[in-house]
Protein chains: 2
Amino acid sequence: MTTPTLTKNQSLVFDVLTKAEAPLSAYTILDKLRDHGFRAPLQVYRALDKLLEYGVVHRLESINSFVACAHPDENCHSHGLVAFAICESCGQVIEFHDHEVDHRLMDWLKSQKFKAEKSTIEIRGHCASCAA
Amino acid sequence: MTTPTLTKNQSLVFDVLTKAEAPLSAYTILDKLRDHGFRAPLQVYRALDKLLEYGVVHRLESINSFVACAHPDENCHSHGLVAFAICESCGQVIEFHDHEVDHRLMDWLKSQKFKAEKSTIEIRGHCASCAA
DNA sequence: TCAATTGCGTTATGCTATAACGTGTGCGAT
DNA sequence: ATCGCACACGTTATAGCATAACGCAATTGA
């Protein structure tokens, strides 16, 4: 359950995301890595697929972007649901885990006999600094 | 706060969504409406924008698709958060409102001084019928 | 050694969404 | 009445996001 050693491309992509202050789109990542030899979107997407699989990166569906996990040490996949608050001004993301919400949603899904596999909880709005 | 009369294009798009058994992408809607004179994506997107604004249609961010609201009578915007369970086999969507989850998330956002504006809660997996 | 797996690079393509322009129509204010 | 405004609409073009399909190279393990 530990994260495998990252390949060169995976490391490059992960570094870019780690240093970024906000989520990045795949194409933005591509641009930032052109100097390192990246030429095509697929190089980014393939690295992202693995990083997502390892749980060290999250995909933000509502803004088609990617962000490094806030707790790289622990394995995010073991946390159950993850929620994100995304600031539409500065782009910053706050990651959040809550067992209450988790249980409540899971109970409901169970009552519907729905077998959950992936979840997306994203709140867009304005963070403390940006909410003028 | 009542829904205005729909224009021709808005009605056409809304009808297609209402009759569909699963969420549709904007381009799928476009194809279904070519016989009614639709020729360009914008005709669909513009209608969708309004329908979303009126709260009679939801956008599913995780699958880039749109679905008619499950409670066309009430105004969905007044329900607070909405959650969706999306079956990856048959495409069917179950819409869900829960005040518990709502409050819990809102409390957390408040504690972060985050001003929420739009929310997305989507669970992908397999529905009762499809979970073999 | 051979086969299977995995990562990689490249080209091409498809899907999703919006920009920018112009037209027509209804409607209230002067 | 007509002017101005707001709004829906139609069209063309383009931007932005994601994957298909091909082939090569390195690694591993039977």
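Modeller: Helices (H or I, at least four residues) and strands (E, at least two) are DSSP runs, numbered from the N terminus. The model is predicted: local features need pLDDT of at least 70 and side-chain atom pairs count only at pLDDT 80 or more, while totals for chains, interfaces and linings use all residues. Residues are numbered from 1 along each chain as its sequence is written, chains are lettered from A and ligands numbered from 1 in the order in which they are written, and side-chain values use heavy atoms, with hydrogens and water left out.

Biologist: In what order do the 6 strands of the open sheet stand?

Modeller: Two strands count as paired if DSSP finds at least two bridges between them. The pairing in this sheet is mixed. The strand order is S4(A)-S3(A)-S5(A)-S5(B)-S3(B)-S4(B).

Biologist: Which strands stand at the edges of the sheet, each with a single partner strand?

Modeller: The order of the open sheet starts with S4(A) and ends with S4(B). Each edge strand has a single partner, so one side of it is left without a neighbour in the sheet. The edge strands are S4 (93-96) of chain A and S4 (93-96) of chain B.

Biologist: Which residue in S4(A) stands opposite Ala85(A)?

Modeller: Strand S3 (residues 83-87) of chain A pairs with S4(A) in the antiparallel sense, over 4 bridges. Opposite Ala85(A), in S4(A), stands Ile94(A).

Biologist: At about what angle does helix H4 of chain A run to S4(B)?

Modeller: Helix H4 (residues 99-111) of chain A lies across S5 (115-126) of chain A and across S3 (83-87), S4 and S5 (115-126) of chain B. Helix H4 of chain B lies across S3, S4 and S5 of chain A together with S5 of chain B. Axes are lines fitted to C-alpha atoms, for helices over the stretch in contact (heavy atoms within 4.5 Å), and angles run from 0 to 180 degrees between N-to-C directions. For H4 of chain A against S4(B), the angle is about 130°.

Biologist: Which element supplies the largest share of the surface near DNA strand C?

Modeller: A residue is near a strand if one of its heavy atoms lies within 4 Å of it, and of the 14 residues around DNA strand C, Thr7(A), Asn9(A), Gln43(A), Arg46(A) and Tyr27(B) come nearest. H3 (41-54) of chain A and H3 (41-54) of chain B each supply at least two residues of this surface. The largest share, 4 residues, comes from H3(A).

Biologist: How far is a phosphate oxygen of DNA strand C from an N or O atom in the side chain of Gln43(A)?

Modeller: A polar contact is a pair of N or O atoms within 3.5 Å; within protein, one must be able to donate a hydrogen and the other to accept it, and residues adjacent in sequence count only if both atoms are side-chain atoms. Phosphate oxygens of DNA strand C lie 2.8 Å from the side chain of Asn9(A) and 3.0 Å from a polar side-chain atom of Arg59(B). For Gln43(A) the distance is 2.6 Å.

Biologist: Which residue places a polar side-chain atom 2.3 Å from a base nitrogen of DNA strand D?

Modeller: The closest of the 15 residues surrounding DNA strand D are Tyr27(A), Thr7(B), Asn9(B), Gln43(B) and Arg46(B). Phosphate oxygens of this strand lie 2.9 Å from a side-chain N or O atom of Arg59(A) and 2.8 Å from one of Thr7(B). The base nitrogen is approached by Arg46(B).

Biologist: What distance separates the centres of domain 1 and domain 2 of chain A?

Modeller: The domain assignment, automatic or from a database, gives domain 1 (8-68) and domain 2 (76-125). In chain A, 14 residues of domain 1 are in contact with 13 residues of domain 2. Taken over C-alpha atoms, the separation of the centres is 21 Å.
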